[in-house]
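Student: I should like to learn how to read a structural model feature by feature. Could we begin with a helix and proceed from there?

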Amino acid sequence: MSKNQSLGFDTVMLHLQELVIWRLKHPKLSFEKAPQLDSQALPDSLLKQLIIVLELDPAEIAILLLVLVPNLSPELLKFCVNQVYPDGGELPELGGIQGKNHRGILPTAETALFLIAGVNIDAKVQSWQYFDKHSKLITNKIIQLEKPEKNEPKMSGSLVLDPEYTSLLITGNIPEPELSIEFPASKIETQLTWDDLVLNAETRQEIRDLEIWLKHNETLQQKHDTTNRFKRGYRVLFHGPPGTGKTLTASLLGKYTDREVYRIDLSTVVSKYIGETEKNLAKLFDKAQYKKWILFFDEADAIFGKRTQVRDAHDKYANQEVSYLLQRLEEHPGLVILASNFKNNIDAAFTRRFQALVYFAPPGYQERIELWKKTLPKKFKYAQEIDLKTIAKTYDITGAHITNVIHYCCLQALNQDSLTITSKNLIAGLKREYKKEEKMF
């Protein structure tokens, strides 16, 4: 944390302390008479930028500082209460809850309402707007109003700062989300380039169109006022046999458009967490909504497969999950890629929702020659007796298979203190791939 940012936190925490003490002493006064924070006078920090960019009003600033308290000054609320009421006493109007491990007062929406409106009921009712879905802090996913305990008032729910904003405001960085039940996705990256991707001309042009959308769609919407004319996001289906470059293409799109790519394995999500699918996917889409992520749904036929008749509650719930996912896909403002090995496995009702269907064909003869050349690491070479044209013509395999064969051959060569790929090792590597696919060699 920079020195300036640290001083900024000291300033805002002191302001909040002054504000809470003022409210405890003057519960009936209007918030207009409360001590004001001059955000322009704050040292430069991410907190100051957030306040200025979102044009937060004094009440919104107070709420933002309130949710920062447990992370920076957990004793602040208790200190303020003790200052005004040294002999103690019940203060139900203050709200707040006691955490299991946190020793201070955890703010609730009731705490924020008391800070803004005091005991003025009309003012409290008007202040509910700060916690509806249209408020700046809620709609931008900065704060969250947790659900209260059963049969308790809505505003008694905990008021928390989003974990990503907590990290961003305090450390200046947002940690990458980790694969978990609650976040069923993992980041994928590649060190390869577009030159390493071997596709036919038609597929390559379709991928180029996706890259153009990623680079220019935001400009089209913002500068040319097309928000209401075109759909916000872009949905595309990658289909074709395994090993033809679907995942690598998604990774390269992210790499060359400066976007993070997150891979979601729907087969894992659905099979392991049936009944939790909607909740987990909701968290994923919520987290991705305001980021420029590319969402790559692998094994899409696990949930978008052809539907059958509803025979039991399990089938009915599965259809609900599909409907929910379709809704979130259409609402998502970014690029969503669904991948399937077989287009025919995807229900036609779903494919009509996509803007593009991109077929990743098995590499033809010329593409296989190119793959055999490009996949070989530098410093390695093929033995003179190996004719790549003959190999490419004889063995009709995908790029993933070719990569596996060359990897095997390189290891065998190093084991023989050599950098030459021999015909013997090449044939052995090919036999291994055919055996895995249970094909006749």
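**Reading helices, cores and salt bridges**

Tutor: Helix α18 has 17 residues and spans 24 Å from its first C-alpha to its last, close to the 24 Å expected at 1.5 Å a residue. Please bear in mind throughout that this is a predicted model.

Student: Which residues of α18 are buried?

Tutor: Burial is judged by relative accessible area, with under 20% as the cut-off. In α18 the buried residues are Gly 399, His 401, Ile 402, Val 405, Ile 406, Tyr 408, Cys 409, Cys 410 and Ala 413. Their cover includes the helices α16 (365-374) and α19 (423-436), together with the strands β11 (381-382) and β12 (420-421).

Student: How should I read Leu 414, and is it buried or partly exposed?

Tutor: Leu 414 belongs to α18, which runs over residues 399-415. Its relative accessibility is 47%, so Leu 414 counts as partly exposed. Together with Leu 411 and Leu 419, Leu 414 makes a nonpolar surface patch of about 270 Å². Just after the helix, Asp 417 takes a positive phi of about 55°.

Student: Why is a positive phi worth noting?

Tutor: Most residues other than glycine have a negative phi, so a positive value is a departure from the usual pattern. Glu 55 is one such case, with a positive phi of about 55° although it is not a glycine. Glu 55 is found in the loop between α2 and α3, and it counts as exposed because its relative accessibility is 61%. Asp 258 also has a positive phi, of about 60°, and is not a glycine. Asp 258 is placed in the loop between α10 and β7; at 72% relative accessibility, it counts as exposed.

Student: Let us turn to the interior. How many residues does the largest nonpolar core have?

Tutor: A nonpolar core is built from buried nonpolar residues that are joined through their side-chain atoms. Here the largest has 51 residues, and those with the most contacts inside it are Leu 16, Leu 47, Ile 63, Leu 64, Leu 65 and Phe 131. The elements giving two or more residues to this core are α1 (3-25), α2 (46-53), α3 (58-72), α4 (76-84), α5 (109-117), α7 (136-139) and β4 (159-161). Among these, α3 gives the most, with ten residues.

Student: What is Ile 63 in contact with, leaving aside neighbours within four places in sequence?

Tutor: Ile 63 is in contact with Ala 112, Ile 116, Tyr 130, Phe 131, Leu 137, Ile 143 and Leu 159. There is also a second, separate core of 27 residues, which includes Phe 183, Leu 281, Ala 300 and Leu 329.

Student: Could you give an example of a polar residue, and say whether Ser 251 is buried or exposed?

Tutor: Ser 251 lies in helix α10 (residues 246-256). At 6% relative accessibility, Ser 251 counts as buried. Not counting residues up to four places away in sequence, Ser 251 touches Ile 188, Glu 189, Thr 190 and Val 261.

Student: How many salt bridges are found in the whole structure, and how should I read one?

Tutor: The search finds 17 salt bridges. For each, one may ask where the partners lie and how accessible they are. In one of them, the side chains of Lys 136 and Glu 60 meet at 4.0 Å, N to O. Lys 136 lies in helix α7 and Glu 60 in helix α3, so this pair ties together parts that are 76 residues apart in sequence. Lys 136 is partly exposed, with a relative accessible area of 30%, whereas Glu 60 is buried, at 7%.

Student: Which strands hold Arg 263 and Asp 298?

Tutor: The side chains of Arg 263 and Asp 298 meet in a salt bridge of 2.8 Å, N to O. Arg 263 lies in strand β7 (residues 261-265) and Asp 298 in strand β8 (residues 294-298), so the pair ties together parts that are 35 residues apart in sequence. Arg 263 counts as partly exposed at 24% relative accessibility, while Asp 298 is buried, with a relative accessible area of 14%.

Student: Which residues are joined into one network by salt bridges that share partners?

Tutor: Before the network, consider one further pair: the side chains of Arg 353 and Glu 330 meet in a salt bridge (3.1 Å, N to O). Arg 353 lies in the loop between α15 (348-351) and β10 (356-359), and Glu 330 in helix α14 (residues 313-331), so the pair ties together parts that are 23 residues apart in sequence. As for the network, salt bridges with shared partners join Glu 176, Lys 187, Glu 189 and Glu 260.

Note on methods:
Residues are numbered from 1 along each chain as its sequence is written. This is a predicted model: local features need pLDDT of at least 70, side-chain atom pairs count only at pLDDT 80 or more; totals for chains, interfaces and linings use all residues. Side-chain values use heavy atoms; hydrogens and water are left out. A nonpolar core is a set of buried Ala, Val, Leu, Ile, Met, Phe, Trp, Tyr and Cys residues joined through side-chain atoms within 4.5 Å. Buried means under 20% relative accessible area, exposed over 50%, partly exposed in between (1.4 Å probe, protein chains only). Helices (H or I, at least four residues) and strands (E, at least two) are DSSP runs, numbered from the N terminus. Contact means heavy atoms within 4.5 Å. Patches are made of residues with over 30% relative accessible area and no salt bridge: like charges are joined within 9 Å, nonpolar side chains (Val, Leu, Ile, Met, Phe, Trp, Tyr) within 5 Å. Accessible areas come from the Shrake-Rupley method with a 1.4 Å probe; for residues, only the protein chains shown count as cover. The expected span of a helix is 1.5 Å times one less than its number of residues.
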